[in-house]
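Welcome! Take a moment to look over the sequence and the model, then try the exercises below one at a time.

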Amino acid sequence: MFKKGVVPSQGLRIIIVGCGKVGRTLVEQLGKEGHDITIVDKNRERISQVSNIYDVMGIVGNGASYKILQEAGIDDADLIIAVTGSDELNLLCCTIATQVGNCAAIARVRTPEYSQEAKYLRDKLGLALIINPELEAAIEMAHILHLPSSLEVTNFAHGQAQLIKYEIPEGSILDGTKLMDLGTRHHANILIGAVERDDEVTIPSGDFVLRKGDKLSFVGERKHTKEFFSHIGVNTHSVKNTLIIGGGKAAYYLAKQLISRGIKVKIIENSFERCEELSILLPDAVIINGDGTEQALLKEEGIETCQSFVPLTGIDEENIMLTLYAKQVSNAKVITKLNHITFTNVINSLDLGSVISPKYITSEAIIAYVRAKKNSMNCNIETLYHMYDSRVEAIEFFVSENSNVTDIPLRDLKLKKHLLICFINRNGKIIIPTGNDSIQKNDTVMIITTHTGFTNLQDIME
């Protein structure tokens, strides 16, 4: 057992099984939010490293062992999160925990066969959540390729609303536009919630003037986001074909998503056996056996003319180099998947197109659940999304009862600074609010803020 400066907190008691990339990310982020964390892993060196860096208890052992779970405090735990490299071990850990303890359980499950049975497994095993990072990353990548002018596309309100990140290019009609003039000048039924300029992020007011190079995040109903892009002269057509490098789980999930939307898919994979598997799993895709890092093969398979290019190798450095090469030789929309690299300043200085990180997608879903569980009020977090290297949060709350923020015109609410109410979803209708609108019971409400750790909609008040 390893223990370093652990102090009882007002947060939840959480056991994390698995000390890999996702486990460490969860330890870091949940630790910042004041939770009591115990991490379990068979690897003594990993446990020692994590417990020396973070204020957590570390236990060396098998997370599926009843004895080890008892040592980790399963009897008093509020939540167990199993994120080892084995789907079966994760499911077993959670099953044992829910049988012997009175805690909720979250399992990371990545195998396609299990993912197809996620609802059944969740219900039968009594799990709170099953997370598939590669599937969630593939869904996000498919959204981006459907709207390739965007850097990021995140769905809210069960897909009714979108949060889109977009960089203003040279010569854009947005350059020099004041935000209060967007509606009249560009018929924009959207709201710009955050802008990054020169590495500084701003929650803008109506007086804010947009400039070329700004990376802005705007919110709107799905049809209105496309209309906004059309009005400012931006391409709104989906890509027609995609070249994917690497044939792992993420490539399989992405290809399934794209083929279902009528997009042609070509995958280059080094393993002949995996190519045979993919040709059966994806009969509508073109599967090429070869080294996707070889320039001659990439040119032969159409990197110079493809409309989109997605390197999904298991090595971040390879993905980065492939993206930079694609940028040099083609006009393709590129998406770069990164799992390990944490040098964000270096990454941000490179032109990598849209960057997707499955481990952060996983951690965001788990943190949203943890915050909702910690919150004792009847106002739950529906969606949580970190933006601009976690300097900004976009949160969607469900309002299940009346409170001091309901039935009051927004102009009369004393809101915290650096915060915007971006939309109200009322019975499936997305409202971009004015000062005359009010929040009502059974609405969902989405905010963008530079504050962190909100667990309840009432946290928006001063």
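**Exercise 1.** How many bridges join strand E10 to strand E12, and do these strands run parallel or antiparallel?

*Solution.* Keep in mind that this is a predicted model.

Step 1. Find E10 at residues 191-197 and E12 at residues 215-221. Five bridges join them, and the two strands run antiparallel.

Step 2. Pick out one pair: Val-195 has Leu-216 in E12 as its bridge partner.

**Exercise 2.** Work out the strand order of the open sheet, and find the strands at its edges.

*Solution.* Step 1. The sheet has five strands, in the order E8-E9-E12-E10-E11, and the pairing is antiparallel.

Step 2. Read off the two edges: E8 (152-156) and E11 (200-202) each have a single partner strand, so one side of each lacks a neighbour in the sheet.

Step 3. Now consider the twist. On average, neighbouring strands here are turned by 15° against each other, direction ignored.

Step 4. Add the helix. H9 (residues 222-231) packs on this sheet and touches E8, E9 (161-167) and E12. The direction of H9 makes about 135° with that of E12.

**Exercise 3.** Sort the named residues of helix H2 into buried and exposed, then look at how the helix begins.

*Solution.* Step 1. H2 covers residues 44-53, and its buried residues are Ile-47, Val-50 and Ser-51.

Step 2. Viewed down the axis of H2, these buried residues fall within an arc of 95°, so they line one face of the helix.

Step 3. Turn to the face directed away from the buried side: Glu-45 and Ile-53 are the exposed residues it carries.

Step 4. At the N-terminal end of H2, Asn-43 acts as a cap, with a side-chain oxygen 2.9 Å from the backbone nitrogen of Glu-45.

**Exercise 4.** Describe the surroundings of Asn-132.

*Solution.* Step 1. Place the residue: Asn-132 sits in the loop between strand E7 (129-131) and helix H7 (133-146).

Step 2. Is Asn-132 buried or exposed? Its relative accessible area is 5%, so Asn-132 is buried, as the cut-off for buried is under 20%.

Step 3. Follow its side chain, which reaches the backbone nitrogen of Glu-134 at 3.2 Å. A polar atom of the same side chain of Asn-132 lies 3.0 Å from the backbone nitrogen of Leu-135.

Step 4. Leaving aside residues up to four places away in sequence, Asn-132 touches Val-109, Arg-110, Ser-115 and Tyr-253.

Technical notes: Residues are numbered from 1 along each chain as its sequence is written. This is a predicted model: local features need pLDDT of at least 70, side-chain atom pairs count only at pLDDT 80 or more; totals for chains, interfaces and linings use all residues. Side-chain values use heavy atoms; hydrogens and water are left out. Two strands pair if DSSP finds at least two bridges between them. Helices (H or I, at least four residues) and strands (E, at least two) are DSSP runs, numbered from the N terminus. Axes are lines fitted to C-alpha atoms, for helices over the stretch in contact, and angles run from 0 to 180 degrees between N-to-C directions. Contact means heavy atoms within 4.5 Å. Buried means under 20% relative accessible area, exposed over 50%, partly exposed in between (1.4 Å probe, protein chains only). The arc is that of the directions from the helix axis to the C-beta atoms. A polar contact is a pair of N or O atoms within 3.5 Å; within protein, one must be able to donate a hydrogen and the other to accept it, and residues adjacent in sequence count only if both atoms are side-chain atoms.
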